[in-house]
Each structure stands twice: as structure tokens, then as C-alpha cells.
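Q: Could you take me through one part of this protein closely, as you would for someone in their first year? I would like to see how two neighbouring pieces are arranged and what lies between them.

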Amino acid sequence: MTQRPLPTKDRLIRTAAQLFQRRGYHGVGLSELLAEAEAPKGSLYHHFPNGKSDLALAAATWASDQMLRLIAASFEPADSFHSGMEALCGKIAKLFDKSGQWNGCPISSTLFEGPDNAAFRAHARHLFEGWITEGAHHAKRFGLGDPQKTAETMFILLQGGWMLARARQSSDVLRRLPEMLPRAD
């Protein structure tokens, strides 16, 4: 059975997320994006009336949703917060290796390296708070004393770990992150 191609809007979003992650918002031109997505020229403004900026918000949301799924898939079957963190960091390390070890965080690469505007900053804050909320849910589920602080620490470790892994070109940095969280289990 042949797989149906993704709808044009979905192709645009996924392609934008990948390109922005690799080269940042300003490093991606509309012609290149449309060619990579195999999308007709008029489709961008049909689906995203404000063009590249609307597409960037949608791409960042899609990338964030992927991260939320990864967090849930790592922590839900875990028997402790630490083992969930080990699973998450292992999965992120594999993604890092698969990406060629140079891609940035898909949210930061899109929204912080894009136009300096309040909508981009507010959207980044909203998406990152979603990751922290998901982490806090699991920290609370495992009975950790300060779930919010634990989740914020997890977020800071993941963001900083990704940056250091990029600089060192080594996913080992990401695999060692769970050792840096205080163990309560």
C-alpha cells in the first residue's frame, strides 16, 4: 500500500521546522522553503496569510508538540523521574546524532533568531512553559518535593546540554545530563 503524501500545509510546517532548526529563521528563503516542501508558490500565503512569520509560529508549535510527545513517551513508562530523564536524554542524544550534530533547538532557532517581536517571544515562552509543565507533571507524579523547580532544572539542563553537545560535537553530553539532576528516587 502506498502512503499518501502529507497535505501541503503539513509539508510546509515540517519543512520549515527542519530548515529553521538547521539554519535559523533568517537563513531560510521562501523560494527554498517552497521547493523543499514541494509546495506551489501561492500555498504559503493561502495557509499562512502573514507569510514566513506565521509559518515560523506554526513550525515552532509543531516542533514543540514533537518534544512534548518525546517527554511523555520517556516518562510515562518510567518507574522513577530519574529513569524517565535517562530515557528522554537517550532519545534526544539519538536525535542529535541523527541530525548531524549541528542543528539548534527548533524553538530557539525559529523564534529567537527570527524577527525581534513580541509575538515570537510570547510564543516561545508559551511553548517552553508547556515543556516545563509536562516535566512538572511527571515530577509530581513521582512525588518529588518541588516539581516546578525540578522541571525547570530539567529544561535548563536540556537546553544547555544541547548547546554544549553542539559545541563539542558529542551526544555524550546529553547522555550524562540525568547525572546532574538531584536523585530523589
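A: Let's look at helices α5 and α8 in this predicted model. The two are roughly parallel to each other, because their axes cross at roughly 25 degrees and angles under 35 degrees count as roughly parallel. To find them, look for residues 81-98, which form α5, and residues 147-168, which form α8. Their axes come within 12 Å, and α5 passes α8 in a right-handed crossing.

Now look at the side of each helix that takes part in the contact. From α5 come Phe81, Met85, Leu88, Cys89, Ile92 and Phe96. They meet Thr150, Met154, Leu158, Trp162, Ala165 and Arg166 of α8. Sorted by character, the residues of this contact are ten nonpolar, one polar and one charged. The polar one is Thr150 and the charged one is Arg166, both in α8.

It also helps to step back and see where this pair belongs. The protein chain has nine helices and zero strands, so the pattern along the sequence is simply α-α-α-α-α-α-α-α-α. Elsewhere in the chain, an unreviewed UniProt entry places the feature "domain: HTH tetR-type" at residues 6-66. That span is 75% helix and 0% strand, and its end C-alpha atoms lie 17 Å apart.

Finally, consider the whole chain. Its C-alpha atoms fill a box of roughly 55 × 40 × 35 Å along the principal axes. The radius of gyration is 18 Å, which agrees with the value near 16 Å for a compact globule with 185 residues.

Note on methods: Residues numbered from 1 in each chain as written. Predicted model: local features only at pLDDT ≥ 70, side-chain atom pairs only at ≥ 80, totals over all residues. Heavy atoms only, no water. Axes fitted to C-alpha atoms, helices over the stretch in contact; angles between N-to-C directions. Helix = DSSP H or I, 4+ residues; strand = E, 2+ residues; numbered from the N terminus. Parallel < 35°, antiparallel > 145°, perpendicular 65-115°, else oblique. Left-handed = near helix turned anticlockwise from the far one by under 90°. Contact = heavy atoms within 4.5 Å. UniProt positions renumbered as here; feature names shortened; annotations may be inferred. Rg over C-alpha atoms; globule rule 2.2 N^0.38 Å.
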